[in-house]
Amino acid sequence: MVSNKKTTLFLVDDDALFLKSLEIDFMQLNEYTVKTFATGELCLENMATSPDVIILDYHLNGIDKAAMNGLQTLDRIKSIDPDIPIIMLSAQDKIEVAVNCMHHKASDYVVKSETAFIRMQKIITALLKLNKIQKELNWYVDRM
């Protein structure tokens, strides 16, 4: 039984150029339904559509200082759906930032770079495999 369902991916970043570039990269793979948002607030308004994975910028409030930052958005998303995989994305290459994201229950952390897209692809594949295994395991455990 092979599923042809595309993975729904939310991309959240206030850098319009980077966001568009990422959207194009993922759309070319033809494995994803991609929705983009310039703010955490817009992402949260669309959570009812149940994305499979969210890629979330760490800063998010670079244009609108009143907007939620990435960690606030991450916390709100996790309060809605604690199981959704969220990959944090940042231009910051500081271990403290990555550790802080993981403390807030991010699935992974990627530094914006020329290899970021390839890293995100690999992470998404691994996260989706892990979710599938977890669901199968839960199915068996429920029947024991």
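## A pair to start with

Let's begin with one pairing: Phe 10 of strand S1 stands opposite Lys 35 in strand S2. Strands and helices here are DSSP runs numbered from the N terminus (E for strands, at least two residues; H or I for helices, at least four). S1 and S2 run parallel and are joined by six bridges; two strands count as paired if DSSP finds at least two bridges between them. To get from S1 to S2, the chain passes through helix H1 (residues 16–28), and this β-α-β crossover is right-handed. That label means that, with the strands pointing away from you, the path from the first strand over the helix to the second runs clockwise.

A quick note on what you're looking at: this is a predicted model, where local features need pLDDT of at least 70 and side-chain atom pairs count only at pLDDT 80 or more, while totals for chains, interfaces and linings use all residues. Residues are numbered from 1 along each chain as its sequence is written, and side-chain values use heavy atoms, leaving out hydrogens and water.

## The whole sheet

Zoom out and you'll find an open sheet of five strands, in the order S2-S1-S3-S4-S5, with parallel pairing. Strands S2 (32–37) and S5 (108–111) sit at the edges, each pairing on one side only. On average, neighbouring strands are turned by 20° against each other, direction ignored.

Helix H5 (residues 116–142) packs on this sheet and touches S1 (7–12), S2, S3 (53–57), S4 and S5; touching, or contact, means heavy atoms within 4.5 Å. The direction of H5 makes about 170° with that of S5. For such angles, axes are lines fitted to C-alpha atoms (for helices, over the stretch in contact), and values run from 0 to 180 degrees between N-to-C directions.

## Two well-covered strands

How many of the six residues of S1 are buried? Six of them are, so S1 is largely enclosed by the rest of the structure. Buried means under 20% relative accessible area, with exposed over 50% and partly exposed in between (1.4 Å probe, protein chains only). In a regular strand, side chains alternate between the two faces of the sheet. In S1, Thr 7, Leu 9 and Leu 11 are on one side and Thr 8, Phe 10 and Val 12 on the other.

Phe 10 also stands opposite Ile 54 in S3, and Ile 54 in turn stands opposite Ile 86 in S4. Strand S4 (residues 86–90) is mostly covered too, with five of its five residues buried. Ile 86, Met 88 and Ser 90 point one way, while Ile 87 and Leu 89 point the other. The chain travels from S3 to S4 through helix H3 (residues 70–80), in another right-handed β-α-β crossover. Over at S5, Met 88 stands opposite Tyr 109, and Ile 87 opposite Asp 108.

## Cysteines without a bond

A disulfide is a covalent bond between the sulfur atoms of two cysteines. Here, where a disulfide is a pair of cysteine sulfur atoms within 2.5 Å, the count comes to zero. Why is Cys 101 not bonded to Cys 43? Their sulfurs are 15 Å apart, too far for a bond. Cys 43 is buried, at 0% relative accessibility, and Cys 101 is buried at 0% as well.

Cys 101 lies in helix H4 (residues 95–103), and H4 joins S4 and S5 in a right-handed β-α-β unit. Leaving aside neighbours within four places in sequence, Cys 101 is in contact with Tyr 58, Leu 71, Leu 74, Met 88, Ala 106 and Tyr 109. Cys 101 and Tyr 58 are 43 residues apart in sequence, yet 8.4 Å apart in space, C-alpha to C-alpha.
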